[in-house]
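User: I should like to learn how to read the features of this structure, one at a time. Please give the general idea before each case.

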Amino acid sequence: MRSVANKKMVNRKFLFNQLIVLSLSAAALSVALQQQATAELMPNSSYSAIAAESVKSDRKLPNLGTPELPPLGEPFRHIPQEPKPPVTPIEEVRLVLKLRERRVYLYRQNKVQASFPVAVGKGGWETPTGNFKVIQMIKDPVWQNPWTGELIPAGPDNPLGSRWMGFWTDGKNVIGFHGTPNPESIGGAASHGCVRMFDKDAQALFEKVAVGTPVIVEH
């Protein structure tokens with residue numbers, strides 16, 4: 001009986017040891033499987049990171065070009081300038097009457113385009129000096145005698161000739177450039193304030209000015 005009992009005890013120890021071995025083997029197998037799975041995932045993760053980095057490197061920044069530096073002496077190219085008012089045909093043309101010279105000059109953009117000899121106001125009836133503008137233009141004007149009120153129609157005997165360009169008034173009297181039937185007076189001080197011209201010159205000047213053209217009268 002004792003022998004049988006000992007034999008059973010041995011068998012139990014053997015089975016217990018086998019269970020321990022099996023448990024350890026199962027644990028080792030589980031660890032091995034986990035390590036293999038981790039090893040398989042690592043290359044994929046590394047490839048994803050490399051691919052993402054490649055995509056980032058393929059994105060090109062916009063080409064902004066090389067900034068242009070302002071050349072010396074040309075600040076207007078980079079500094080905002082105030083807009084210049086447009087120049088009208090009236091403003092770019094002006095007349096300058098020089099009384100001592102008995103001559104009127106036509107300027108266009110500060111360059112003399114033409115000049116004409118004139119007669120100016122005589123003593124006591126001097127042509128006024130200053131800055132004025134053409135205020136009236138008439139072809140073939142009718143002249144009214146300021147003392148008698150008589151009207152002289154357009155024609156060869158009209159004291160104003162064939163063209164009239166008024167530039168000064170006191171509200172009653174008017175002074176201007178005009179032709180004359182008395183060409184011998186040109187070059188002298190002979191009028192009652194007006195500026196006499198050869199009739200052909202008055203016609204030429206009439207075509208080059210307009211109402212609003214500046215008139216500067218100097219001594």
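Analyst: The model is a predicted one. Let us begin with the position of a single residue: C194 is found in the loop between β10 (189–191) and β11 (195–197).

User: How is burial judged, and is C194 buried or exposed?

Analyst: The general idea is a cut-off: a residue is buried when its relative accessible area is under 20%, and exposed when that area is over 50%. C194 has a relative accessible area of 13%, and therefore counts as buried.

User: Which residues does C194 touch, apart from its neighbours within four places in sequence?

Analyst: C194 is in contact with A119, V120, G121, T127, W164, V174, I175, G176 and H178.

User: Where does H178 lie, and how accessible is H178?

Analyst: H178 belongs to strand β9, which spans residues 174–178. Its relative accessibility is 4%, so H178 is buried. Beyond four places in sequence, the contacts of H178 are P159, L160, R163, W164, C194, V195, R196, M197 and A202.

User: What does the UniProt record list as "active site"?

Analyst: An annotation of this kind may be inferred rather than shown by experiment. In this case the unreviewed UniProt entry lists H178 and C194 under "active site". These residues are spread over 17 residues of sequence, yet they cluster in space, with a largest C-alpha distance of 7.7 Å. Both H178 and C194 are included in the lining of the largest pocket.

User: How is such a pocket found, and how much space lies in the largest pocket?

Analyst: Rolling a probe the size of a water molecule over the atoms shows where empty space is left. Here the largest pocket holds about 950 Å³ of space.

User: How many residues line the largest pocket, and which lie nearest its centre?

Analyst: The lining comprises 29 residues, with W143, Q144, P146, V174 and C194 nearest the centre. Elements that contribute two or more residues are β5 (136–139), β6 (143–144), β8 (163–169) and β9. The most comes from β9, which gives three residues. By class, 15 lining residues are nonpolar, 11 are polar and three are charged.

User: What does a partly exposed residue look like, taking W125 as the case?

Analyst: Partly exposed residues fall between the two cut-offs, and W125, at 40% relative accessibility, is therefore one of them. W125 sits in the loop between β3 (111–121) and β4 (130–133). Although W125 and H192 are 67 residues apart along the chain, their C-alpha atoms are separated by 4.9 Å. Not counting residues up to four places away in sequence, W125 touches W147, S191, H192 and G193.

User: Finally, how should a helix be read: which residues of α3 are buried, and what do they pack against?

Analyst: One asks where the buried residues point around the axis. In α3 (residues 199–206), the buried residues are D201, A202, L205 and F206. They lie on the same side of α3 because they cover an arc of only 140° around the axis. These buried residues pack against β1 (93–98), β3, β5, β8, β9 and β11.

Key:
Residues numbered from 1 in each chain as written. Predicted model: local features only at pLDDT ≥ 70, side-chain atom pairs only at ≥ 80, totals over all residues. Heavy atoms only, no water. Helix = DSSP H or I, 4+ residues; strand = E, 2+ residues; numbered from the N terminus. Buried < 20%, exposed > 50% of the residue type's maximum accessible area, 1.4 Å probe, protein only. Contact = heavy atoms within 4.5 Å. 1 Å grid on protein atoms, 1.4 Å probe; cavity = no way out; pocket = protein on both sides within 12 Å on 5 of 7 lines; lining within 4 Å. Points joined across faces, edges and corners; volume = space filled by probe spheres on them. Nonpolar A, V, L, I, M, F, W, Y, C, P; charged D, E, K, R; others polar. Arc of directions from axis to C-beta.
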